[in-house]
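Got your viewer ready? Load the model shown here and keep the selection tool handy.

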Amino acid sequence: MTVSKYPEAVVFDLDYTLWPCWCDTHISPPLKPKSQSQIIDSYGMKLSFYPDVESIILELVANNVTIIGASRTATPSVAKKILNLLHINGKPAIQYFDALEWGQGSKTKHIKLAAKQLGMNEELEKGGFILFDDELRNRDVASINCHFAHVPNETLGLTRNVFENGLQSWAKTAKNI
């Protein structure tokens, strides 16, 4: 599939969307890089992005799409450390994110805060945002005009197919953007 239209902003959940664990319960600091694409925790658990995540992030950057991280993680410092240790194209992954909204509260709150921080309230109101998330409860972001794309399989996470289907679904609803 060729993507003909991108949203203004793509919002990514972290756990079971970009990587295969909950960073606040499955990871035990200290974390150390094993390579640029893999880290290891104090018990020897290895963690990497799901296979398609890197190319998806690079595609969004190449198409000038704003990238936002939104997570209910109780350990934002661990999430930040993971994004600093995992690299994409030689750079810490965290450098590809334009805003990070983490901690308790709903994804609607996180997305509204990120939009405000980035000066993108109008883009959000016009339907220019899409959230990729493994938890169906977060589809309530539709209430703030953010499109929801479900990441249905925690073993596979964000795949190219899920990404492209999410963008196609968003494009059908975002005709005026």
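What follows is a short walk from the sheet to the cores and then to the charged pairs.

Before you click, note that this is a predicted model, where local features need pLDDT of at least 70 and side-chain atom pairs count only at pLDDT 80 or more, while totals for chains, interfaces and linings use all residues. Residues are numbered from 1 along each chain as its sequence is written, and side-chain values use heavy atoms, with hydrogens and water left out.

**Stop 1: the sheet**

Switch to cartoon and pick out the open sheet of 5 strands, which runs β8-β5-β1-β9-β10 with parallel pairing. Strands here are DSSP runs of E with at least two residues, helices are runs of H or I with at least four, and both are numbered from the N terminus; two strands count as paired if DSSP finds at least two bridges between them. Now colour β8 (99-102) and β10 (146-150): they stand at the edges with a single partner strand each, so one side of each has no neighbour in the sheet. From one strand to the next, the twist averages 20°.

Zoom in on β5 (residues 66-71), which pairs with β8 in the parallel sense over 4 bridges. Select Ala70 and you'll find Glu101 of β8 standing opposite.

Next, add α3, which lies across β1, β5, β8, β9 and β10 and runs at about 150° to β8. That angle is taken between N-to-C directions, on a scale from 0 to 180 degrees, with axes fitted as lines to C-alpha atoms (for helices, over the stretch in contact).

**Stop 2: the nonpolar cores**

Show side chains for Phe12, Trp19, Phe132 and Leu158. These have the most contacts inside the largest nonpolar core, which has 42 residues. A nonpolar core is a set of buried Ala, Val, Leu, Ile, Met, Phe, Trp, Tyr and Cys residues joined through side-chain atoms within 4.5 Å; buried means under 20% relative accessible area, exposed over 50%, and partly exposed in between (1.4 Å probe, protein chains only). β1 (9-12), α1 (53-62), α2 (76-85), β9 (129-133) and α5 (160-173) each supply at least two residues of this core, and α2 gives the most, with 5 residues.

Centre on Phe12 and list its contacts (heavy atoms within 4.5 Å). Leaving aside neighbours within four places in sequence, Phe12 touches residues including Ile56, Leu60, Phe97, Phe132 and Leu158. Apart from this core lies another, of 16 residues, among them Ile111, Phe129, Leu131 and Phe148.

**Stop 3: the charged pairs**

How many salt bridges does the structure hold? There are 6, each defined as a side-chain nitrogen of Lys or Arg within 4 Å of a carboxyl oxygen of Asp or Glu.

Select Asp13 and Lys107 first: their closest N and O atoms are 3.0 Å apart. This pair links distant parts of the chain, with Asp13 in the loop between β1 and β2 (32-35) and Lys107 in helix α3 (residues 107-118), 94 residues apart. Asp13 is buried at 4% relative accessible area, and Lys107 is buried at 1%.

Keep Lys107 and add Asp133, which meets Lys107 in a salt bridge of 2.5 Å, N to O. Here helix α3 is joined to strand β9 across 26 residues. Asp13, Lys107 and Asp133 are thus linked in a salt-bridge network.

Finish at helix α5, where Glu164 and Arg160 lie 4 residues apart, about one turn of the helix. Their side chains form a salt bridge at 3.7 Å, N to O. Glu164 is buried at 12%, whereas Arg160 is partly exposed at 23%.
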